[in-house]
Amino acid sequence: MSETFHAMWRSLRPLGRSAASGGYRRYAWTDADADCRLWFRMQAEARRLDVETDRNGNQWAWLGDPTAGDAVVTGSHLDSVPDGGAFDGPLGVVSSFAALDELRARGLSFKRPLAIVNFGDEEGARFGLACVGSRLTAGRLTKEQAYELRDGDGVGLPQAMEAAGYDPEAIGPDPERLARIGAFVELHVEQGRALDLSGDAIGVASSIWPHGRWRYDFAGEANHAGTTRLVDRRDPMLTYAETVLAARREAELAGAVATFGKIAVEPNGVNAIPSLVRGWLDARAADQEALDAVVAGVETAARDYADRHGIDLTVVRESFTPVVDFSHALRDELSRILSDSAAGTPGPSGKVPVLGTGAGHDAGILSESIPTAMLFVRNPTGVSHSPAEFAAEDDCLAGVRALADVLEELACR
């Protein structure tokens, strides 16, 4: 198992990696994305799996009849955020193939169809909306809404898909496919330090915090940076900066998190006062009440600052995902399996940890349609969406064994 895991990791690791940052730039429908998709196909075919790409660009590698129903599915995604880490997404895909290898090494026969999936455009790095592939499949993003998505260069999602050799006319809900799935289990590197602090290598997800993205457009007046008096300026950058600080304050008050991590400025000149500053707010909280308080507080503060500085403000909610409670039956089944297996031997906590997360995942999007669950692998740094993202070799292999034990129970017994 160790040998095949490392062979896959070595072959995937260079794809889409930036020499300058050491991070990954695997954006949807780009050459790097195509390289990752080819890698997935090659790994599947090497294991004699039947590969298909669905109407929404998600890749499926099947063992058994995909039309038989009650299938067990595992996997994750291969795309990345800008200059992201190596583990977010790819660890789940590599571990899925490695877990299949482990099950075959155990000499097991499969009683249910098994599939490994690579969901497309999970991170939303190019078009600004996360989990596009799974959202389309689950009917939580319409074709019309998808057609409105644009990247930073103004290229629409349909044009990007077509340029990559896919048919954008085919995208849309896929209830027939979801009806054939009995369970989806996604393994993922933990994007935090809960497992590191508890001393456990593996955990089970309980829920995903409600979260969303809001676009703030601050419109002012462009002017000369050297000749315009301070009192005569309508500088939207000032209002934006004050709003960033307000987001931090509101998040601290609510025990939540709020981040302005992306900004676009016009005309974007060193010696020009901006005419427009566009910033994107990412806000997440343990419950809906806290999230609502943060979002309302940030907007109220932003409008107050805008009024004082003569700035026009527009706020648009671009995406939202309510709280996700994973299937209690499937979650409890995973906890039982891991408690009885060597891979899930409890650490100092005395039991297999069950923890919530503030990060969104395809498993969360699909949870309203099919039973879903997640396994987390310890991340000793707690860093994610960064080249510093990390999981130790022993923990990765423990994750593969844990996933194999889960798949054995779900698909082979």
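Trainee: So two strands pair if DSSP finds at least two bridges between them. Which residue of β4 is the bridge partner of Gln59?

Mentor: That's Asn118. Strands (E, at least two residues) and helices (H or I, at least four) are DSSP runs, numbered from the N terminus. By the way, this is a predicted model, where local features need pLDDT of at least 70, side-chain atom pairs count only at 80 or more, and totals for chains, interfaces and linings use all residues. Residues are numbered from 1 along each chain as its sequence is written, and side-chain values use heavy atoms, without hydrogens and water.

Trainee: Okay, how many bridges hold β2 and β4 together?

Mentor: There are 5, and β2 (residues 59–63) pairs with β4 (residues 114–119) in the antiparallel sense.

Trainee: What about β1 and β2, parallel or antiparallel?

Mentor: Antiparallel, with 4 bridges joining β1 (residues 50–53) to β2. Asp50, for one, has Trp62 as its bridge partner in β2. The two strands make a hairpin with 5 residues between them, and Gly57 there has a positive phi near 85 degrees.

Trainee: Why is β2 largely enclosed?

Mentor: Because 5 of its 5 residues are buried (under 20% relative accessible area with a 1.4 Å probe, protein chains only; over 50% is exposed, in between partly exposed). Gln59, Ala61 and Leu63 point one way from β2, while Trp60 and Trp62 point the other way.

Trainee: New topic: what's the order of strands in the open sheet?

Mentor: β9-β11-β7-β12, with antiparallel pairing. β9 (257–266) and β12 (312–321) are the edge strands with a single partner each, so each has one side without a neighbour in the sheet. Elsewhere in that sheet, β7 (residues 211–219) and β11 (residues 276–284) pair over 9 bridges, and Trp214 sits opposite Leu281 in β11.

Trainee: And which residues have the most contacts inside the largest nonpolar core?

Mentor: Phe5, Trp39, Leu91, Phe97 and Leu375, in a core of 55 residues. A core here joins buried Ala, Val, Leu, Ile, Met, Phe, Trp, Tyr and Cys through side-chain atoms within 4.5 Å. Helix α13 (residues 393–411) gives the most to this core, with 11 residues. Another core lies apart from it, with 25 residues, including Trp62 and Phe119.

Trainee: What does Trp39 touch, leaving aside neighbours within four places in sequence?

Mentor: Trp39 is in contact (heavy atoms within 4.5 Å) with Met8, Ser11, Leu12, Leu15, Leu78, Val93, Val94 and Phe97.

Trainee: Last one: which α13 residues meet α11?

Mentor: Ala402, Asp405, Val406, Glu409 and Leu410 do. On the α11 side you'll find Leu330, Glu333, Leu334, Arg336, Ile337 and Leu338.
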